Protein chains: 4
Amino acid sequence: MRQAIYNIIDTKNSNNTIGKYYNAIMLLTIGLSLLPLTIKANHEWKYDIDNITSFLFLIDYLLRFSTADFHLKKGKASFLYYPFTPLALIDLLCLSPSLLLWNNSLKLLKIIRLTRMLRLFKIIRYSKNITIILNVLKKQKDSLIIVDVFALGYIFLSALIIFNVEPNTFPTFFDALYWATISLTTVGYGDIYAISAIGKLITMFSSLIGIAIVALPAGIITAGYMEEIRNHK
Amino acid sequence: MRQAIYNIIDTKNSNNTIGKYYNAIMLLTIGLSLLPLTIKANHEWKYDIDNITSFLFLIDYLLRFSTADFHLKKGKASFLYYPFTPLALIDLLCLSPSLLLWNNSLKLLKIIRLTRMLRLFKIIRYSKNITIILNVLKKQKDSLIIVDVFALGYIFLSALIIFNVEPNTFPTFFDALYWATISLTTVGYGDIYAISAIGKLITMFSSLIGIAIVALPAGIITAGYMEEIRNHK
Amino acid sequence: MRQAIYNIIDTKNSNNTIGKYYNAIMLLTIGLSLLPLTIKANHEWKYDIDNITSFLFLIDYLLRFSTADFHLKKGKASFLYYPFTPLALIDLLCLSPSLLLWNNSLKLLKIIRLTRMLRLFKIIRYSKNITIILNVLKKQKDSLIIVDVFALGYIFLSALIIFNVEPNTFPTFFDALYWATISLTTVGYGDIYAISAIGKLITMFSSLIGIAIVALPAGIITAGYMEEIRNHK
Amino acid sequence: MRQAIYNIIDTKNSNNTIGKYYNAIMLLTIGLSLLPLTIKANHEWKYDIDNITSFLFLIDYLLRFSTADFHLKKGKASFLYYPFTPLALIDLLCLSPSLLLWNNSLKLLKIIRLTRMLRLFKIIRYSKNITIILNVLKKQKDSLIIVDVFALGYIFLSALIIFNVEPNTFPTFFDALYWATISLTTVGYGDIYAISAIGKLITMFSSLIGIAIVALPAGIITAGYMEEIRNHK
């Protein structure tokens, strides 16, 4: 019996027809559980949705816990280890807001709403496609760390220079960091920018050099992804 | 006689001299038919252009319909199938506004104007170059779907977080989605952006990570296109 | 004697020491001749610079004309053909403003100033590096034309849709084209953008799809350039 | 004894355990020394931090100087050459503000603060990862120079045209250069943009063509970097 349940809930087992339905339902539940977060007004049905989806998440959690030994293959010890695996922790965190909501503590409500967003990460478990991209990130990890450190260093340097050159435009160093990030990613909202001639000169140099550096991680991920699909074929 | 007509209107048959002229004239007609859409004022000649181009489109449609058996190679049944092929449906939709305009129903006029834009898609039939790019999209379809789903998921997640963190800046969830799209594509008009410190922090993180993800589809299309021309040589 | 002059002014002949100096002086003269264009005020010395640089351009033109037979290798006919080669036409156009300035016709002055900018193109003759990039453009010509036509078509389609959906924001079709170009190249100044919900929705779709299309030419040039340097090694 | 010190401070010698701690401490000191630059208010502890970090930099400088013969391998002459090597000059420049601060000359304080930023470059000495990226830049040097000159030339040309076409929007040529840089890097703050129809037309052409040119350096660095890691494996 427990073997049959495990075959259904195990996402790697794509031959199981009931398993596919289970996957689809859980994906739908995740989507449904996020719906109340996209609306401001306090409708009654928002609580209903939350109760229903939380109940389904609870069942899912219990089913997974009860078949932990099939998943981790460590015998009885599996039940001890399982609650501390990353995906199980996310599952638990996704449940907690609803468990707390039944006490209806108003003050905590806002922070609780944010933790509910973690439910989107549950999608990792139910979506094969995301694992391909996570695989690329894992393979290119070393490169990405170097390049990201370099990009962040460049953003920090740009922010440091502009903050000391044009202190009137940038009230705090955080504003300078925000400016550097928005400029070097070429988003450029236009809410904050250098006004003085020397500040503009720094903006020009910083953009011309920095864009190449900040674009490096994107280039590596794209190239890594292209290789990944070439190998799959 | 019907064989001769088919040789002219068949765009794949590039050896036919009259066919080339026919192609050029139809491309010109499509361009001409879109001209009234680029001007606001209600000039008399706009209706004239519409009448002339619609008449040419009608003839084109009838010619194609009458040679459907050469095109689909299914005998008499071709005439039944043909009106439901994608390109024939576009052709019909492009005709409909003009057919309706002769009744001059004022209320529907605005919506009708929009359907006229579909005529631009008729260009697919008459332009060989576009088929190369459509070919790339077809070959990279699987990758593009994964990567697009991932990019849209990331945009959705960013919108969800900012909407709950800074509800005062974003009146509806749609505004948050708009902000996330405009930011992560690095367009960054500056009409909507986070104001609070926490909102700016999320903007920074979201941009630094998200740009790589949202740029992935562009990278795949470019790489796929480069391979396509390399294979052609 | 004419052979010796030709050896000096021929930019392909990089072994000639005097030729190198001649090249450097002409590059400097081009730079100097553009200097008056970067300053608004009407200083006396602007006319002096113009007279001196124009005199040097005139000598250069005469030297090139007198050795046209070495360059075109068509005997006496070379002198007839030479003035109509592209680079010779640019040389002549660069001279003309100065020749006309001696008449001091005030009305034409503004338009004349613009033709002077063509002098920057003279740099092509004196700079080897630019020829490498022009070479890439020549090799990838066919691809670039297809991709550019597609990109321009997409920009036109986006402009057409937004112009008909949100006529209040975009006074003329030119404004819609400007908006589409600035949005899809991700510059996004923020001087013009859709305000209505449907307009924003179109902006989102248009950006997500269009950026890949508009970025294609840049990708092809980069890839073509990488191949070019790989072949050189 | 001097040999032992050299083994510790030499960053290439990664087997030395004490050397690793020394490296980590110096990286921390650089970070700490930059902290006062990120805060505007004049706190007491800013001077304390500056004194402590400067003292550590001074010791580091003296240790490096005293082991210069091991580093440069030129015998006694090493002590004469060492202070003029690039990294030693940066080290000295980083020290100078603090040395001058003890005199507390108020007027010079602002300029001195900026030189302190050079300390970030000291990080080059202590970070292996940055050397990989510097290696890429070194290998692709020739390409990058060509492409950068071309990109800067294009920015200059765009600025020259817009400055003469729309002099009312751009007070000085510097403003035009700033506009061209911010537009072609697609940052597009929206603080300065063409207003006239002809100016907008130039913006459109300039963006469509220029983005490919200005993006070339970024493409070369990414491709060069990908090759570098492929060779390492």
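From the N terminus on, the elements of chain A run α-α-α-α-α-α-α-α-α-α-α-α. That is twelve helices and zero strands, where helices (H or I, at least four residues) and strands (E, at least two) are DSSP runs numbered from the N terminus. This is a predicted model, in which local features need pLDDT of at least 70 and side-chain atom pairs count only at pLDDT 80 or more, while totals for chains, interfaces and linings use all residues. Residues are numbered from 1 along each chain as its sequence is written, chains are lettered from A and ligands numbered from 1 in the order in which they are written, and side-chain values use heavy atoms, with hydrogens and water left out.

Of the 233 residues in chain A, 48% are buried; buried means under 20% relative accessible area, exposed over 50%, and partly exposed in between (1.4 Å probe, protein chains only). Among contacts in chain A between residues at least 6 apart in sequence, 62% join residues at least 24 apart, a contact being heavy atoms within 4.5 Å.

An unreviewed UniProt entry carries the annotation "transmembrane region" for residues 21-39, 79-100, 144-164, 176-194 and 201-226 of chain A. UniProt positions are given in the numbering used here, feature names are shortened, and annotations may be inferred rather than shown by experiment. Two of these spans are described below.

| Span of chain A | Helix | Strand | Distance between end C-alpha atoms |
|---|---|---|---|
| Residues 21-39 | 74% | 0% | 28 Å |
| Residues 144-164 | 100% | 0% | 30 Å |

The interface of chain A and chain D brings 41 residues of chain A into contact with 37 residues of chain D. About 3400 Å² is buried between the two chains, and carbon and sulfur atoms give 74% of this area. Buried area is the accessible area (1.4 Å probe) that two parts lose on being put together, summed over both. A:Ile146, A:Asn164 and A:Met204 supply 17% of the area that chain A buries against chain D, more than any other three residues.

The rule finds one salt bridge across this interface, a salt bridge being a side-chain nitrogen of Lys or Arg within 4 Å of a carboxyl oxygen of Asp or Glu. The side chains of A:Lys200 and D:Asp175 meet in a salt bridge at 3.7 Å, N to O. Six residue pairs, both residues at pLDDT 80 or more, are in polar contact across the interface. A polar contact is a pair of N or O atoms within 3.5 Å; within protein, one must be able to donate a hydrogen and the other to accept it, and residues adjacent in sequence count only if both atoms are side-chain atoms.

On the side of chain A that touches chain D, the elements giving two or more residues are helix H10 (141-165), helix H11 (173-184) and helix H12 (197-232). H12(A) gives the most, with 14 residues. The residues on that side divide into 28 nonpolar, eleven polar and two charged. Here Ala, Val, Leu, Ile, Met, Phe, Trp, Tyr, Cys and Pro count as nonpolar, Asp, Glu, Lys and Arg as charged, and the others, Gly among them, as polar.

Two loop residues have positive phi without being glycine. A:Thr186, with phi of about 65°, lies in the loop between H11 and H12 of chain A and counts as buried because its relative accessibility is 9%. C:Lys73, with phi near 55°, is found in the loop between helix H4 (68-72) and helix H5 (78-81) of chain C; C:Lys73 counts as exposed, at 69% relative accessibility.

C:Ser143 lies in helix H10 (residues 141-165) of chain C and counts as buried, at 7% relative accessibility. Leaving aside neighbours within four places in sequence, C:Ser143 is in contact with B:Tyr225, B:Ile229 and C:Ile220.
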